[in-house]
Amino acid sequence: MQALEQFFGVIGDLTWGWSLVPILVIFGTFITVATGFVQFEFFGRMFRVLTRGRTESGKISAREALLVSVGGRVGGGNIAGVAVAITLGGPGAVFWMWAIALVGMATSLVECSLAQLFKRADPLTGQYRGGPARAILHGLGENYRWLAVIYAICLIAAFALGFNAFQGNTVAGAAEASLGIDRMWSAIFLAVMTGFIVFGGIRRIAKASEVVVPVMAVGYLLMALVVILTNLGEIPSVLSSIVANAFGFEEAVSGGMGAALAQGLRRGLFSNEAGLGSAPNVAATAEVNHPISQGITQAFSVFIDTIIICSCTAFVILLSDVYVPGATDIDGIALTQTAMVSHLGEWTQYFMTFAILLFAFSSVIYNYYLGENAITVLTKTPVATIVLKIVVVGIVFVGAVAPNATSVFFFSDPLMGVLALVNLLALMMLFPIALRVLQDFRKQLKAGVARPVLRLEDFPDLDLDPRAWPNRD
């Protein structure tokens, strides 16, 4: 076990330690420039997805895919992660979280558009499956199957197993600390709810997200908005502190600008997952007319996660008298909860516990689907998917009931780093194709087409599935 921990520790150092964050930033900046700042060009179109309902065919709609991905991106990182970033990096970390989100919107647009482009229609259910693994197989060819297999294994181990144990642990810990609920009851409740959702497939996952995500996001945003409005006069000084600390003009913690930059970029990437290769698996499930349409929608997901929700957490903390620059005696979820209590009263700790439960639960079902999608790349045997469902329910239960159980999943973060590197390598090789598809989208818009349509005859050299892209003229 010690040898395994050391091995994965080395992997973690080689990925998250020094290489991955700079690569994600550089590649995201390259995509932004190479695409002509596409995330700003189509910013207005992002909001259109909110007015679209379900598809007539019964397949996953663009809005449902957005809500599932938001439910996955929005989690502990938005509450605990932001607090940790501010504690270790100072207020300036918030500025760099914003910066990496704006860059990440372009990365997410490209990776999710490629996942859409190479998606496949399931012959049994008719629902769509896709993601980086299938983009590798059908975009790069069978010679790169080994890369798709590495990606799939890392996705299952990191998200479906490791991160789901952490989510179960987070919910049970919060319920025990603030409400006095025994971990066993939390574990039973989480396991039953998880089983009910995941055994219903992507259709039930989408329906659950359509209820859970708006409730958790709107409720949390309303509370944060009340805090911001009641402290409106202090907003300019908070913004000034964020910018000053970000560029080293005002040192709030040891390390100054370097600490703010490092914490902001890392926590931002952890929160919105742009470039990590997870969200494209959900993006590919949607029925849309053109791959870029779903890419734009998923860029909006990054905006919601970091620019809106993470910012709300940051303002709640920085506007409170609980946050003391340089102090580390209170951080993480406790800092956010205590800050909210200082603004609105003791009752908010119960709401925060409820919000954490919803955040974590939406992440659990999202993480499960990533694992299910990955396992279908490794094997076509239906039994494998059933086994995964049972294992995930068990993992959530164990993670919730045993406080130290999550230490067993020390491999999650390192494997997530490997996953991201594989995804970025595939993105680099497939980027010319993404530019062709983006050019096709722009060309149709310029010609006056309100909703561009992908036509297979325009891409005869690509291995695309006719069942996934029927003629929608």
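**Close-up 1. Burial and length of helix α17 in the predicted model.** Helix α17 is mostly covered, with 25 of its 31 residues buried, in a structure that is a predicted model. Because each residue should add 1.5 Å, the 31 residues of α17 (residues 348-378) are expected to span 45 Å, and the C-alpha atoms at the two ends of the helix are indeed 45 Å apart, in agreement with that expectation.

**Close-up 2. The two faces of helix α10.** The buried residues of this helix are Arg183, Ser186, Ala187, Leu190, Ala191, Thr194, Gly195, Ile197 and Val198. These buried residues cover an arc of only 160° around the axis, and they therefore lie on the same side of α10. On the face turned away from that buried side, α10 carries Trp185, Val192 and Phe196, which are exposed. As for the length of α10 (residues 183-198), its 16 residues should span 22 Å at 1.5 Å a residue, so the separation of 22 Å between its end C-alpha atoms agrees with the expected value.

**Close-up 3. Packing of helix α8 against helix α19.** Helix α8 (residues 132-140) packs with helix α19 (residues 412-446) at an angle of about 35°, the two axes being 10 Å apart, and the crossing of this pair is left-handed. From α8, the residues Pro132, Ala135, Ile136, Gly139 and Leu140 take part in the contact, where they meet Val422, Asn423, Ala426, Met429 and Leu430 of α19. Sorted by class, the contact between α8 and α19 comprises eight nonpolar residues and two polar ones, with no charged residues.

Key:
Residues are numbered from 1 along each chain as its sequence is written. This is a predicted model: local features need pLDDT of at least 70, side-chain atom pairs count only at pLDDT 80 or more; totals for chains, interfaces and linings use all residues. Side-chain values use heavy atoms; hydrogens and water are left out. Axes are lines fitted to C-alpha atoms, for helices over the stretch in contact, and angles run from 0 to 180 degrees between N-to-C directions. Helices (H or I, at least four residues) and strands (E, at least two) are DSSP runs, numbered from the N terminus. A crossing is left-handed if the near helix is turned anticlockwise from the far one by less than a right angle, and right-handed if clockwise. Contact means heavy atoms within 4.5 Å. Ala, Val, Leu, Ile, Met, Phe, Trp, Tyr, Cys and Pro count as nonpolar, Asp, Glu, Lys and Arg as charged, and the others, Gly among them, as polar. The expected span of a helix is 1.5 Å times one less than its number of residues. Buried means under 20% relative accessible area, exposed over 50%, partly exposed in between (1.4 Å probe, protein chains only). The arc is that of the directions from the helix axis to the C-beta atoms.
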